[in-house]
Amino acid sequence: MKNKVINTLEKFGLFSFGDKITVALSGGADSVCLLHILYSIKEKYSLSLSAAHLNHNLRGEESLRDRDFVVELCKSLDVPLYLEEKDVESLAKINKQSVELCARNCRYDFFRRLHKKYGVTVATAHTASDNLETMLYNIARGTSLNGMKGIVAKRNYIIRPLIEATRAEVESYCRENDLAFVNDSTNQSNDYTRNKIRHFAVPILKEINPNAELSASQLSEDFLELDSFLEKYIGNILKNARQTVNGETIYNAEILSSLGDFEKKQAVFRIFRDSGIKNICRKQIEICCQMLPVGGETELNKRQKAVCRQGLFRIVENKYSVSELSRSLPVPFTGDLSFKYDGFEISAELCEKSDRNTVSGDLIKKNAVFRTREQGDFIILPKRNVKKSLKKFMIEEKIPREQRDSLVLLACGKEIMWLQGYGASKTAQSFDKSSKMFRIQAKSIEK
């Protein structure tokens with residue numbers, strides 16, 4: 001058993017020599033086994049070992065018993081213990097969550113804070129048996145390829161050294177080493193979905209295949225490898241389709257639309273994920289795939305929607321309305337200046353060399369102002385000396401409709417002298433030799 005854990009640690013690169021590792025210690029057989037094995041090898045790998053216990057206060061005296069057991073175990077091993085208590089039942093009601101979900105969130109928040117404060121790697125005692133149950137749960141709930149990866153051996157600062165060992169092997173190790181542990185009475189209840197899977201589904205599978213956990217572990221590894229391959233393959237496709245306009249990431253819908261169905265879904269899934277969308281729904285992915293060749297939009301959540309227009313696909317955040325954006329404008333052009341607007345810092349600085357964002361200081365005398373677009377605006381294109389309506393220009397440049405009303409521009413009356421993301425007009429760069437030059441820039445800042 002110890003060799004199996006060492007192999008897992010080295011196979012997945014779960015730690016480095018001299019690491020600080022905190023064991024998530026509930027007091028159950030799995031976590032006691034994990035602590036015992038890591039304690040037995042800590043000198044060999046020069047590990048700085050500690051433990052962490054969160055008392056959920058869900059089982060009255062039993063919860064206190066678990067806490068006291070963990071405290072005494074850590075004392076006997078001279079292992080530092082981080083101890084915290086939460087009223088999970090009350091928190092679940094406040095947050096309108098299931099007790100299971102709330103308890104899990106509290107645990108991982110505890111781990112996150114420990115990692116941030118002490119720089120520890122947190123080792124949880126998930127086993128191959130837990131992995132099988134998780135995969136079955138994901139299948140029953142409805143999952144994608146991502147859900148079939150099961151419980152990964154390492155994610156950021158969380159490691160799972162027992163992930164290739166079964167629960168039976170853990171219990172056997174505890175017996176052989178005369179290790180005491182506590183039992184959680186809720187593990188026997190069928191009120192919890194995971195327990196139903198453990199008590200009913202898994203035994204039937206093990207009748208068919210006694211090595212069901214091993215088979216599930218091998219399958220989850222296959223999906224991990226597939227995910228790694230897809231990350232590179234789809235990543236290259238998205239790299240070719242992606243561009244940034246005024247700080248916003250957009251994708252060429254024609255490139256995405258030309259993909260096969262599977263590739264298309266994987267591409268949209270990764271766009272969602274990279275945009276910070278959680279609880280990604282298969283139906284939403286399918287709707288977006290259908291939108292790619294024809295255009296359209298669909299709500300993804302209260303804060304975001306997917307939009308496909310003018311051959312461009314993007315995720316739009318509905319943070320502001322146009323009326324809210326316009327409150328700080330117009331701003332008179334006075335030469336050197338700086339102001340913030342819609343996540344950007346707009347600045348004008350005196351300069352000596354001309355570039356596409358340089359305008360003549362004569363615009364100060366002409367009462368130029370920074371504002372957003374208005375009906376009747378026009379621009380004289382640089383180099384071509386062609387007059388064009390701003391609306392037509394934005395359409396031709398494929399500026400997303402959602403951005404058009406929020407782009408900052410510099411205008412004299414209805415003539416546009418400078419446009420955010422596109423630079424100065426022909427008129428704005430008609431410099432007199434005695435005129436000063438100002439370079440205008442729009443730098444993205446956190447909203």
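This briefing covers two antiparallel sheets and two nonpolar cores. The model is predicted: local features need pLDDT of at least 70, side-chain atom pairs count only at pLDDT 80 or more, and totals for chains, interfaces and linings use all residues. Residues are numbered from 1 along each chain as its sequence is written, and side-chain values use heavy atoms, with hydrogens and water left out. Helices (H or I, at least four residues) and strands (E, at least two) are DSSP runs, numbered from the N terminus. Two strands pair if DSSP finds at least two bridges between them.

**Five-stranded sheet**

- An open sheet holds 5 strands in the order 7-8-11-10-9, with antiparallel pairing.
- Strand 7 (242–245) and strand 9 (296–299) each have a single partner strand, so one side of each lacks a neighbour in the sheet.
- Neighbouring strands are turned by 25 degrees against each other on average, direction ignored. Axes are lines fitted to C-alpha atoms, for helices over the stretch in contact; angles run from 0 to 180 degrees between N-to-C directions.
- Strand 9 runs antiparallel to strand 10 (residues 304–309), joined by 4 bridges.
- Threonine 298 has alanine 306, in strand 10, as its bridge partner.
- Helix 9 (residues 212–241) lies across strand 7 and strand 8 (248–252), at about 40 degrees to strand 7. Contact means heavy atoms within 4.5 Å.

**Four-stranded sheet**

- A further open sheet has 4 strands, ordered 13-14-22-15, and is also antiparallel.
- Its edges are strand 13 (337–341) and strand 15 (358–360), each pairing on one side only.
- The twist averages 25 degrees from one strand to the next.
- Strand 14 (residues 344–351) pairs with strand 22 (residues 437–444) over 8 bridges, in the antiparallel sense.
- Serine 347 has glutamine 441, in strand 22, as its bridge partner.

**Nonpolar cores**

- A nonpolar core is a set of buried Ala, Val, Leu, Ile, Met, Phe, Trp, Tyr and Cys residues joined through side-chain atoms within 4.5 Å. Buried means under 20% relative accessible area (1.4 Å probe, protein chains only).
- The largest core has 38 residues; Leu9, Ile21, Leu25, Leu34, Leu35, Leu38 and Leu73 have the most contacts inside it.
- Elements giving two or more residues to this core include helix 1 (2–11), strand 1 (20–24), helix 3 (61–77) and helix 7 (167–176).
- Helix 2 supplies the largest share, 8 residues.
- Leucine 38 touches Leu9, Ile21, Val23, Leu47, Leu49 and Ala123, not counting residues up to four places away in sequence.
- A second, separate core of 25 residues includes Leu256, Phe269, Cys288 and Ala306.

Conventions:
Buried < 20%, exposed > 50% of the residue type's maximum accessible area, 1.4 Å probe, protein only.
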